[in-house]
Each structure stands twice: as C-alpha cells, then as structure tokens.
Amino acid sequence: MGPPRPERAVTDLSWVADVEFAAAHIRRRVLAHTLAHGGGYMSQACSAAELLATLYLHVLQLPPVGLPILPQPFAGVPGRGNRAYRTGAYFNGTPGPQHDRFFLSPAHYALVVYATLVECGRMDPAGLEQFNLDGSSVEMIGAEHSPGMEVMAGSLGQAVSVAAGVAMARRRRGDRGRAVVMLSDGEFQIGQTWEALQAMAFHRLDNMLVYADCNGQQCDGAIDRVMRIEPLRARLEAFGCRVAQVDAHDAKALAAPATWRPDGRPLVVLAQSDPCRGLEPLRANAPKLHYLRLQSDAERARYRAALEAMRHGEGP
Amino acid sequence: MQVCTKVHAANLVRWAADKPRVLVLSADLTSSCEADAFRDAYPDRFVSMGIAEQNMVSFAAGLAREGWMPLVHTFAVFICRRAYDQVAMSVAYANAPVKLIGFLPGITTPGGASHQAIDDVALMRQLPNMTVLEPGDATEVESVLDVMAAVPGPVYVRMLRGEVPRLFPADQPLCLDQPRVLSEGDDLSVFSTGICTEEALKAVAFLQARGLGVTHLHLSTLKPCTHPSVRAALERPRLGCISMENHLRTGGLGTVLAEAMADAGLGKRLVRLGLDDTFAHGGSRGYLMREHGLDAAALLRAASTLVGRPLHASPGELAAARTVALHSAARVEAL
C-alpha cells in the first residue's frame with residue numbers, strides 16, 4: 001500500500017519533498033485567503049497541511065480527476081428529482097474497486113482540503129475564489145457537494161460511521177480499496193465515534209484507515225480544558241483498534257502505517273500536530289485557535305508580514 | 001376476523017430469499033423486532049450493531065450508498081429520537097435508500113413512555129426525501145416491504161409485530177399513496193391509520209346502522225399523501241371529518257389532513273383523535289386506547305360532536321371488525 005503515484009518517477013523519497021512543498025503552499029493559500037476575508041480556519045491548515053498533503057500525494061490510491069477541475073455552481077441538494085446532483089468526490093476521481101475512498105469528517109477543514117486539491121492538481125486554483133460565495137459549491141463548512149467531500153459530515157461524528165458502512169459494503173463486494181477517514185481529535189468526545197470504532201473492531205474492518213489530526217484544540221479552546229480525551233491511545237487500543245502515534249508534520253511517519261499489512265483491526269493514526277505550525281503569529285491567539293478572526297490593523301500587519309515571508313520562502 | 005402471529009418474521013425470510021442485496025441491521029432487539037428468523041436463515045446477511053443506534057443508522061447509509069439495501073430494525077423511538085440527527089444528515093439528506101423499520105408505534109407496547117413512539121410520524125414526515133408508511137394489518141405488513149423496496153430513497157416503516165389482525169384480503173396489497181376506501185357516505189368522513197383502523201371499522205358499522213352515511217379511508221402512506229381520494233373524502237361530508245391515529249394528534253395523520261384542507265381551501269370541521277399533547281405510560285393496549293381516546297367509543301364521541309346528537313353504543317353493539325370487502329381500484333379512483 002502507498003507506493004508513489006504511477007505518473008511519478010519512482011525515485012526513492014522524492015515524494016516527501018513534494019509533500020513538504022505542497023504543505024507549505026497549503027498554509028500559504030489558507031493564510032492568503034484568511035487575510036483577504038478577515039478570518040478563516042487557519043490553525044486547521046497549520047496542523048493538517050502535511051497530513052492532507054501526504055494523504056492526497058502519497059497514501060490515497062485515487063484515479064485521476066476528470067475535467068473540468070473548476071468547481072461547478074451549487075446544483076441543488078440530493079433528491080429524487082435532481083439528476084444534476086453529484087458529490088464532491090468527483091475531485092477524487094471515479095473510483096474503481098482498487099481505489100481508496102476519502103472521507104473528511106471535520107467539515108470545517110474544508111478550506112484546507114480545497115487548498116490541498118489545488119496543490120495536487122485536482123482543482124483549479126480559481127475554485128478557491130468561489131469559497132463561501134452565494135450559489136457556490138465551495139462551501140465554508142464542506143457539504144457533500146463540496147470539492148473533495150463525499151458525505152455530509154458537518155454534524156461531527158457521523159462520517160466515520162458512514163465510512164465504516166462503505167468499508168463493509170466494499171469488503172462484501174470484494175473491492176481492494178480502503179475507506180480512509182480524516183478525523184479531528186475533538187470528535188473523540190462524541191459517543192457515536194466510539195460506537196463506530198467498536199463496530200469497526202467487531203466487524204474486523206481492517207480495510208479502514210483513520211487519520212486523526214490531534215492538534216489538542218476545539219471550538220471552546222484547548223481540549224484538555226473543555227473535555228479530556230486522554231489516554232486516547234489506550235482507549236483506542238482497549239476498543240480493539242490498532243494505533244499508530246506519529247508526528248503530524250513528518251510525511252514519512254504519516255505514510256508508514258498505511259503500508260502495514262492488515263491484521264483484522266481498524267487502524268487509527270494519531271497525528272500529533274502543532275496547531276500553529278509554520279505560522280508563529282498564531283501562537284498569540286492561544287487558547288482560542290479554532291477560528292482566526294483578524295481584528296486589528298496591527299494583527300493584520302503581522303499576518304501580512306508572515307505571508308510575505310512565506311512567499312519569499314524564508315519561512316515565518 | 002383472522003388474527004395472525006409474527007407476520008413480519010416469516011414474511012421477511014420469504015421476501016428476502018431472492019434479494020441478495022438485502023441486509024438486516026439490528027441493535028440488540030433482533031427477536032423483539034421479529035428479525036430472528038432472518039438472522040437464522042441468512043446469517044451472512046445479518047449485521048449485528050449492538051446497542052448503538054446512531055452508528056447503526058449512519059453505517060446503514062454507507063452500505064446503502066454502495067448499493068446494498070439495509071433494513072434497520074429497532075424500536076421506533078430509537079430511530080426517531082436517539083438517532084434523529086443521523087437519520088436527517090446521513091440518510092435523508094443523502095437520499096440514501098436506507099429502510100428504517102420502527103417497531104412499537106404509539107401505545108402498542110406496555111413499555112411506557114421510553115418505548116412508545118408517539119411522535120415518530122411527525123419527526124419522519126418532516127424530513128425531506130423521506131417516505132413514511134404505516135401498515136394496519138397482516139396483509140399490509142406482508143406487502144409493505146415491496147412498496148418500501150420500490151422507493152428509490154429512504155423509507156420509514158411504522159411496523160407492527162406480534163398478533164396482527166387481517167383486515168384486508170391477502171391479495172389486495174398495500175400500494176404507495178393509495179388509500180383504501182372502506183365505505184362511502186355523505187354525512188361524515190373518517191380517516192384512520194395503523195391499529196386505529198380496526199377500531200374505526202367497528203364505530204363506522206355502528207354509525208351506518210344508525211342511518212349515517214360515512215366515508216371511511218384507511219391510509220397506509222402518510223408521506224406522500226397526494227391521492228385524489230383524500231381530497232374528495234375531505235370535501236364530501238355534510239357534517240365534518242374525523243381523523244384517528246395511534247400518535248400525537250399533532251404532526252401525524254390529523255396534521256396531514258388539516259394541511260390538505262387548508263391547501264384546498266376547504267372549510268370543514270376536522271376532529272383529530274390522538275394523544276393530546278401528552279406522553280403515555282405503561283399499560284395494556286386496550287387500556288391505553290381507552291385512556292387516550294383511540295378506540296371505537298372515542299370515534300363515536302367525535303361523531304356525536306359533529307352530528308349534534310348523542311351516539312352511544314353499548315360494548316356489545318360495537319361488533320368486532322371483520323374482513324372487509326374492498327371496493328375495486330376503479331372505485332377508489334372514482335371517489
């Protein structure tokens with residue numbers, strides 16, 4: 001599992017540099033967007049840039065995306081009469097039995113996924129300009145029809161259950177592809193998440209791969225101050241999961257567990273992340289990191305300087 | 001009148017025999033939801049989910065999205081209350097063909113308020129893309145699965161278990177959005193669903209014996225409800241309409257009819273029988289039907305209100321319902 005994409009020249013670890021390059025650009029795109037709009041889900045880009053870049057550029061076995069790669073306008077909600085409807089999984093390509101399927105659970109990471117799609121050539125950069133505009137499918141909280149999304153996940157805790165159903169369906173069908181879910185660590189406070197993990201272990205869904213962005217943050221502040229989830233690794237293992245704990249900013253470490261031979265247990269990768277990674281000014285906002293709202297001229301100037309530094313490749 | 005036992009249990013096994021894409025999901029209530037015979041007949045198509053309905057509903061959505069037909073079996077309260085967000089977002093939004101089979105509707109269980117789904121029709125009817133079906137006898141319990149399977153989206157079935165009477169001939173199946181016209185007359189119109197139809201039949205026979213013309217519709221599809229016979233029956237009676245349902249008197253059949261009346265601009269009285277803004281409690285079905293005005297005697301009281309004179313029956317006068325001869329489909333259309 002997880003060899004370099006076919007179109008890439010197979011030269012040892014060149015993909016790692018690609019991931020690092022893409023991750024830096026994901027942060028830069030999200031920061032530019034946040035500055036332009038006075039706010040954004042910035043810390044999610046800081047914590048998950050390498051994670052999403054590793055998934056899209058290396059771990060996920062996805063077919064090429066079709067054309068066009070410019071997001072189309074909102075085409076209505078699913079329903080019997082709506083023939084124009086399609087999910088945002090379009091941007092992940094039309095999957096065959098051997099391909100993986102990606103499910104984003106924390107739908108407010110949408111902008112980070114959109115930036116990732118741009119970086120891996122799956123979405124036209126102009127798509128980002130449609131973000132949160134009326135009539136656009138590039139929604140602020142990703143919906144089923146938003147680029148890269150396959151299911152309705154805004155109500156946290158549901159996507160992992162849906163993905164587990166997909167994983168069981170695919171196993172019954174004999175597909176080799178996996179169901180790969182990205183979770184946020186706050187979702188380990190939700191009962192349904194544990195219901196899903198319990199069922200995944202019971203039904204031996206080892207064709208599932210769950211990556212959790214463990215940035216220690218949630219809407220009200222630091223997770224430890226809102227509702228403790230530790231000892232997370234021990235809890236997951238007690239539920240029958242196979243657990244890897246890795247540095248969320250190390251592409252090789254992120255990718256390694258995806259190559260493990262399935263052993264009957266669902267695999268959960270706890271990606272320990274820094275919610276301010278690559279953007280030092282953000283540290284001043286702790287513990288309120290969930291959404292960055294730029295309030296003063298001085299603040300805007302600090303972030304503009306950080307963006308300039310990123311553009312000149314000096315690092316923030 | 002024939003009373004049948006465990007109709008769904010046997011029917012499900014028979015029905016699913018040639019449908020390999022049908023899976024049954026259960027949350028630790030497999031025998032209680034008459035899915036045990038299916039489990040024993042097709043163990044590889046039975047998916048045990050434990051006491052975890054929220055996961056079960058979203059999980060079923062994943063299966064349905066991949067081309068399987070999951071039949072979620074549990075008590076109606078757990079589908080509609082415990083897992084409502086999951087039903088709304090994982091299932092209804094996606095228009096995923098998950099079939100939700102909810103048992104113990106209304107006061108059909110002595111299990112008390114925690115087990116009695118008195119609000120399920122209201123909750124499910126509200127959801128875009130959702131179809132709501134409520135069988136009222138053994139024939140409909142047997143035929144509801146075909147109707148449910150033919151709907152390309154999510155379906156909620158308010159299912160009956162245990163002893164179920166056969167009110168309608170076995171060769172006259174439940175049809176989507178096709179009310180059964182059980183009698184016709186110009187004075188009153190009675191609309192009933194589920195277990196209330198058996199009671200309504202007794203009361204209507206009594207009213208007819210007293211010289212009143214009564215139109216009686218049994219509705220087994222609560223959403224959609226567009227058949228012209230409904231509007232015709234709302235429009236027709238000289239004295240008014242009565243609805244009768246094993247549910248709160250808000251949000252269910254009575255509300256469906258009131259909305260249809262308002263949409264059509266019909267100025268008719270509508271007496272809505274059902275639980276009146278109250279939870280119920282543990283007790284026998286007969287006791288609870290009397291207490292909450294869901295029995296034949298309650299329908300006579302409602303009719304008295306509309307007719308303007310007392311219509312009291314002694315218990316003996318309310319004959320037991322019998323298998324009713326139905327009008328043909330053509331007559332239904334003609335009403």
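Two residues are in contact here if their C-beta atoms, placed from the backbone, lie within 7 Å. The model treated in these exercises is predicted.

**Exercise 1. Describe the packing of helices H9 and H10 of chain B.**

Step 1. Locate the elements: helix H9 of chain B covers residues 228–235, and helix H10 of chain B covers residues 253–264.

Step 2. Take the geometry. Two packed helices are described by the angle between their axes and the distance between the axes. For H9(B) and H10(B) the angle is about 80° and the axes are 10 Å apart.

Step 3. Classify the angle. H9(B) is therefore roughly perpendicular to H10(B), since angles of 65 to 115 degrees are counted in that class.

Step 4. List the residues that meet. H9(B) contributes B:Val230, B:Arg231 and B:Leu234, and on the side of H10(B) stand B:Leu257, B:Ala260, B:Met261 and B:Ala264.

Step 5. Sort them by class: the contact of H9(B) with H10(B) has 6 nonpolar residues, no polar residues and 1 charged residue.

**Exercise 2. Decide whether the dimensions of chain B agree with those of a compact globule.**

Step 1. For 335 residues, a compact globule would have a radius of gyration near 20 Å.

Step 2. The value for chain B is 19 Å, which agrees.

Step 3. For the extents along the principal axes, the C-alpha atoms of chain B fill a box of roughly 60 × 40 × 40 Å.

**Exercise 3. Work out the layout of the open sheet of 7 strands in chain B.**

Step 1. Set the context: chain B has 13 helices and 14 strands.

Step 2. Write the strand order of the sheet: E3-E2-E4-E5-E7-E6-E12, with mixed pairing.

Step 3. Find the edges. Strand E3 (46–48) and strand E12 (221–223) of chain B each pair on one side only.

Step 4. Give the twist: neighbouring strands of this sheet are turned by 20° against each other on average, direction ignored.

Step 5. Examine one pair. Strand E2 (residues 22–26) of chain B runs parallel to E3(B), and 3 bridges join them. B:Ser26 stands opposite B:Ser48 in E3(B).

**Exercise 4. Characterise the contact between the two domains of chain B.**

Step 1. The domain assignment gives domain 1 as 2–166 and domain 2 as 180–334.

Step 2. Their C-alpha centres lie 26 Å apart.

Step 3. Domain 1 of chain B gives 25 residues to the contact and domain 2 of chain B gives 28 residues.

Step 4. On the domain 1 side, helix H6 (120–125), strand E6 (131–133) and strand E8 (163–166) of chain B are the elements that give two or more residues.

Step 5. By class, that side of domain 1 has 12 nonpolar, 7 polar and 6 charged residues.

**Exercise 5. Characterise the contact between chains A and B, as seen from chain B.**

Step 1. Count the residues: 25 come from chain B and 24 from chain A.

Step 2. Identify the elements. Helix H3 (53–65) and helix H5 (84–92) of chain B each supply at least two residues of the side that touches chain A. The largest share of that side, 9 residues, is from H3(B).

Step 3. Divide the chain B side by class: 12 nonpolar, 10 polar and 3 charged residues.

**Exercise 6. Find backbone exceptions in both chains.**

Step 1. State the rule: most residues other than glycine have a negative phi, and most peptide bonds are trans.

Step 2. In chain A, a cis peptide bond joins A:Leu67 and A:Pro68, with omega about 0°. A:Pro68 lies in the loop between helix H2 (42–59) and strand E2 (101–104) of chain A.

Step 3. Another cis peptide bond joins A:Ala286 and A:Pro287, with omega about 5°. A:Pro287 is in the loop between strand E8 (267–272) and strand E9 (292–293) of chain A.

Step 4. In chain B, phi of B:Glu34 is positive, near 55°. B:Glu34 lies in the loop between E2 and helix H2 (36–41) of chain B.

Notes
Residues are numbered from 1 along each chain as its sequence is written. Chains are lettered from A and ligands numbered from 1 in the order in which they are written. This is a predicted model: local features need pLDDT of at least 70, side-chain atom pairs count only at pLDDT 80 or more; totals for chains, interfaces and linings use all residues. Helices (H or I, at least four residues) and strands (E, at least two) are DSSP runs, numbered from the N terminus. Ala, Val, Leu, Ile, Met, Phe, Trp, Tyr, Cys and Pro count as nonpolar, Asp, Glu, Lys and Arg as charged, and the others, Gly among them, as polar. Two strands pair if DSSP finds at least two bridges between them. Axes are lines fitted to C-alpha atoms, for helices over the stretch in contact, and angles run from 0 to 180 degrees between N-to-C directions. Angles under 35 degrees count as roughly parallel, over 145 as roughly antiparallel, 65 to 115 as roughly perpendicular and the rest as oblique. Domain bounds come from an automatic or database domain assignment. The radius of gyration is taken over C-alpha atoms; the globule rule is 2.2 Å times the number of residues to the power 0.38.
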